[in-house]
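Me: I would like a close look at one part of this model, namely the way its later helices pack against one another and what lies around them. Please take me through that region step by step.

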Amino acid sequence: MDATTGDATADTAAAPPTADPDARRAHALVVGVAATVAFVALRLVVALTGSAPLPVDVWWDDAMSALASPVGVIVAWVPAIVGGTIGMILIGVATTIVFLVLRRPWDALNVGGSIALVVAIGAPMAAVIARARPTDSLAETVATSFPSGHTAVATTIVVTLGLILRRRWVWAVGVAWVVLMMWSRTYLHAHWLSDVTAGALEGLAVATIAWSAIEVARERRAQRAAAAAL
């Protein structure tokens with residue numbers, strides 16, 4: 001091997017590795033756009049009814065009433081409390097800190113940024129839409145029913161962690177948690193079925209699009225660092 005080849009090999013070895021584009025990014029964007037379109041479509045359907053409950057909402061609310069029991073109410077309050085404002089803030093802050101301790105600042109930004117974004121979008125929207133909750137609500141009674149904030153934040157955290165950690169068990173546990181949250185909010189008559197569906201779509205859209213954007217930023221940062229090292 002001549003000196004030129006040796007120098008080239010040494011330079012290649014010394015250069016920092018570049019971040020290859022994540023093959024899942026295109027799929028995540030498609031899912032994010034589809035969820036956004038579905039959310040907007042559902043919002044239009046609700047708007048056409050004057051924000052009144054849809055037939056499926058009334059049917060589901062009646063079904064939850066028929067299944068009501070003291071034990072069921074206690075079980076339903078668990079995700080409602082854990083997934084409430086204080087609970088979600090604590091979970092979000094704790095997860096962000098864990099990623100920072102593990103020296104994964106991009107993942108910390110992803111978690112913290114996604115939660116902040118979904119709340120910033122959903123909370124004002126719910127106040128503006130001012131959809132009334134079921135009259136027999138066992139939880140909140142303020143007219144901020146659409147979309148479900150509990151479900152939106154839960155979905156955002158689950159999808160974000162699923163994309164970051166790439167573990168099937170994370171997805172399995174996460175999906176179960178979101179379904180439990182959706183059931184809890186409707187079992188307590190805090191939301192209509194269309195509210196929790198909208199919350200899930202909002203969280204899915206925010207999580208996938210935010211993750212894709214951060215992956216692009218991470219990739220470009222790595223490329224600039226590699227170019228500067230040459």
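Reply: What follows goes through the helix contacts in order along the chain, and then turns to the pocket and to two details of the loops.

The model is a predicted one, and the description below should be read with that in mind. Two packed helices are described by the angle between their axes and by the distance between those axes, and each pair is introduced here in that way.

Helix 6, which covers residues 105–129, packs against helix 7, residues 149–165, at an angle of about 160°, and the two axes lie 9 Å apart. Because of that angle, helix 6 is roughly antiparallel to helix 7. The crossing of helix 6 with helix 7 is right-handed. On the side of helix 6, the contact is formed by Asp-107, Asn-110, Val-111, Ser-114, Ile-115, Val-118 and Val-119, and on the side of helix 7 by Ala-152, Val-153, Thr-156, Ile-157, Thr-160, Leu-161 and Ile-164. Sorted by class, the residues of this contact are nine nonpolar, four polar and one charged.

Helix 7 also meets helix 8, residues 168–187, where the two axes come within 9 Å and cross at roughly 175°. Helix 7 and helix 8 are therefore roughly antiparallel to each other, since an angle over 145 degrees counts as such. Helix 7 brings His-150, Thr-151, Ala-154, Thr-155, Val-158, Val-159, Leu-161, Gly-162, Leu-163 and Leu-165 to this contact, while helix 8 brings Val-170, Trp-171, Gly-174, Val-175, Trp-177, Val-178, Met-181, Met-182 and Arg-185. The residues of the contact between helix 7 and helix 8 comprise 13 nonpolar, five polar and one charged. Leu-161 of helix 7 is named in the contact with helix 6 and also in the contact with helix 8.

Further along, the axes of helix 8 and helix 9, the latter spanning residues 193–229, come within 9 Å and cross at roughly 150°. Helix 8 and helix 9 are therefore roughly antiparallel to each other, and their crossing is right-handed. Here the contact consists of Met-182, Arg-185 and Thr-186 from helix 8, together with Leu-193, Val-196, Thr-197 and Ala-200 from helix 9. By class, these residues are four nonpolar, two polar and one charged. Met-182 and Arg-185 take part in this contact, and both are also listed in the contact of helix 8 with helix 7.

The largest pocket holds about 540 Å³ of space. Its lining is made up of 29 residues, and those nearest the centre of the pocket are Thr-85, Val-119, Gly-149, His-150 and Val-153. Helix 5 (85–101), helix 6 and helix 7 each give at least two residues to the lining, and the largest share, eight residues, comes from helix 6. The lining contains 13 nonpolar, twelve polar and four charged residues. Val-119 and Val-153, named among the residues nearest the centre of the pocket, belong to the contact of helix 6 with helix 7 as well.

Two backbone details remain, both in loops. The peptide bond from Phe-146 to Pro-147 is cis, with omega near -5°, and Pro-147 sits in the loop between helix 6 and helix 7. Arg-103, a residue other than glycine, has a positive phi near 60°, and its place is in the loop between helix 5 and helix 6.

Note on methods
Residues numbered from 1 in each chain as written. Predicted model: local features only at pLDDT ≥ 70, side-chain atom pairs only at ≥ 80, totals over all residues. Heavy atoms only, no water. Axes fitted to C-alpha atoms, helices over the stretch in contact; angles between N-to-C directions. Helix = DSSP H or I, 4+ residues; strand = E, 2+ residues; numbered from the N terminus. Parallel < 35°, antiparallel > 145°, perpendicular 65-115°, else oblique. Left-handed = near helix turned anticlockwise from the far one by under 90°. Contact = heavy atoms within 4.5 Å. Nonpolar A, V, L, I, M, F, W, Y, C, P; charged D, E, K, R; others polar. 1 Å grid on protein atoms, 1.4 Å probe; cavity = no way out; pocket = protein on both sides within 12 Å on 5 of 7 lines; lining within 4 Å. Points joined across faces, edges and corners; volume = space filled by probe spheres on them.
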